[in-house]
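Open the model in your viewer and keep the selection tool ready. This tour goes stop by stop.

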Amino acid sequence: MKKKVILHLNILFFFAMGLSTKAQTGKIIYQASSTFRLNEKSETVNQQYNAMNKAIKNNPMDFELTFNRKEAFFEIKDRMGTNDFQTKIAKVMLGGMKKFYYNLETEEFLKQEVAYGETFLIPIKKPDWELSKSSKTVGKYKCYQATTQYTVVNDVGSFKKDVIAWYCPEIPYPYGPSGFFGLPGVILELTDDKRTYRATEISLNQSDYNIIKPKKGITTTQEEFDKLREKFKR
């Protein structure tokens with residue numbers, strides 16, 4: 001039976017600091033994939049979704065999470081010389097226009113996003129996770145399942161999106177990809193609706209990563225950022 005738990009980040013911080021000294025720093029490479037589906041009678045709309053799926057399949061994207069005991073940063077890996085149209089579509093659909101910063105000491109959690117010709121800095125909140133006893137292996141690491149939901153509001157209506165995370169207590173840091181964090185172990189696989197990030201390379205204690213808090217951007221809230229969509233539709 002799943003048991004809902006709400007974990008305070010200070011507790012997670014001391015948990016991460018005291019549970020293990022094996023991993024002081026780390027870098028995880030995730031490969032992102034997605035399949036967008038739409039049950040739509042319109043042939044034109046279906047063709048657009050087919051084009052998006054083809055772009056994503058032909059342009060697999062790698063993302064990188066670097067971390068130490070205090071901070072972490074998540075972003076797309078740079079792909080020099082790949083600026084064709086399909087690559088740009090895949091980058092947008094897989095979340096490549098967003099970067100995430102986590103600081104356990106100051107409890108600063110930020111999203112840096114490029115949209116509407118501007119760069120924005122948006123505070124993010126820790127999800128409310130439900131932990132499960134379900135487990136599986138990702139690479140060589142045993143992981144446990146956690147789930148959460150969030151709400152998306154758009155022109156059509158309000159929708160609940162499901163998130164499934166597989167976290168690894170053996171690497172006891174509460175970081176994860178794409179703005180999802182706050183579990184008693186780093187997230188090695190995450191499915192956010194139809195988008196999945198899966199760890200393909202895990203390096204521990206290979207380097208002393210200098211993680212820098214992003215400062216460039218207009219500071220705003222998620223609510224105010226969402227209102228910009230209405231403004232740009234006019």
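Here a residue is buried under 20% relative accessible area, exposed over 50%, and partly exposed in between. By that scale Asp-193, with a relative accessible area of 32%, is partly exposed. Keep the scale in mind, and remember that this is a predicted model.

**Stop 1: the whole chain.** Show everything as a cartoon. The chain holds 4 helices and 13 strands. Of its 234 residues, 43% are buried. Switch on the surface. Its accessible area comes to about 13400 Å², and carbon and sulfur atoms account for 50% of that. Now think about contacts between residues at least 6 apart in sequence: 65% of them join residues at least 24 apart.

**Stop 2: strand β6.** Select residues 108-115, which make up β6. Is this strand largely enclosed or not? Of its 8 residues, 6 are buried, so the rest of the structure largely encloses β6.

Add residues 98-103, strand β5. β5 runs antiparallel to β6, and 6 bridges join them. To see one pairing, pick Lys-98; its bridge partner in β6 is Glu-113. The two strands form a hairpin with 4 residues between them. In that turn, click Glu-107, where phi is positive at about 55°.

Next add residues 118-123, strand β7. β7 also pairs with β6 in the antiparallel sense, over 6 bridges. Pick Leu-110 and look across to Pro-123, its bridge partner in β7. This hairpin has 2 residues between its strands. Tyr-116 sits in the turn, with a positive phi of about 55°.

**Stop 3: a link out of β6.** Stay on β6 and show the side chain of Glu-108. Which residue does Glu-108 form a salt bridge with? The partner is Lys-213, and the closest N and O atoms are 2.5 Å apart. Lys-213 lies in the loop between β12 and β13 (218-219), so the pair ties together parts that are 105 residues apart in sequence. Glu-108 is partly exposed at 27% relative accessible area, and Lys-213 is partly exposed at 30%. The structure has 9 salt bridges in total.

**Stop 4: the loops around β11.** Select residues 186-192 for β11. The loop between β10 (158-168) and β11 contains Ser-178. Ser-178 is not a glycine, yet its phi is positive, about 55°. At 13% relative accessibility, Ser-178 is buried.

Move to the loop between β11 and β12 (195-204), where Asp-193 lies. Asp-193 also has a positive phi, near 60°, in a residue other than glycine. Its side chain meets that of Lys-161 in a salt bridge, 3.1 Å from N to O. Lys-161 lies in strand β10, so this pair ties together parts 32 residues apart in sequence.

Select Asp-192 and Arg-195. They form a salt bridge, with the closest N and O atoms 3.8 Å apart. Asp-192 is buried at 6% relative accessible area, and Arg-195 is buried at 17%. Then highlight Lys-136, Glu-189 and Arg-198, which salt bridges with shared partners join into one network.

**Stop 5: two cysteines.** Finish with Cys-143 and Cys-168. How many disulfides does a search of the whole structure find? The count is 0. The sulfur of Cys-168 is 4.8 Å from that of Cys-143, the closest cysteine sulfur. A disulfide needs the two sulfur atoms within 2.5 Å, so this distance is too far for a bond. Cys-143 is buried at 0% relative accessibility, and Cys-168 is buried at 0% too.

Key
Residues numbered from 1 in each chain as written. Predicted model: local features only at pLDDT ≥ 70, side-chain atom pairs only at ≥ 80, totals over all residues. Heavy atoms only, no water. Buried < 20%, exposed > 50% of the residue type's maximum accessible area, 1.4 Å probe, protein only. Pairing = 2+ DSSP bridges. Contact = heavy atoms within 4.5 Å. Areas by Shrake-Rupley, 256 points an atom, 1.4 Å probe, with all protein chains shown as cover. Salt bridge = Lys/Arg side-chain N within 4 Å of Asp/Glu carboxyl O.
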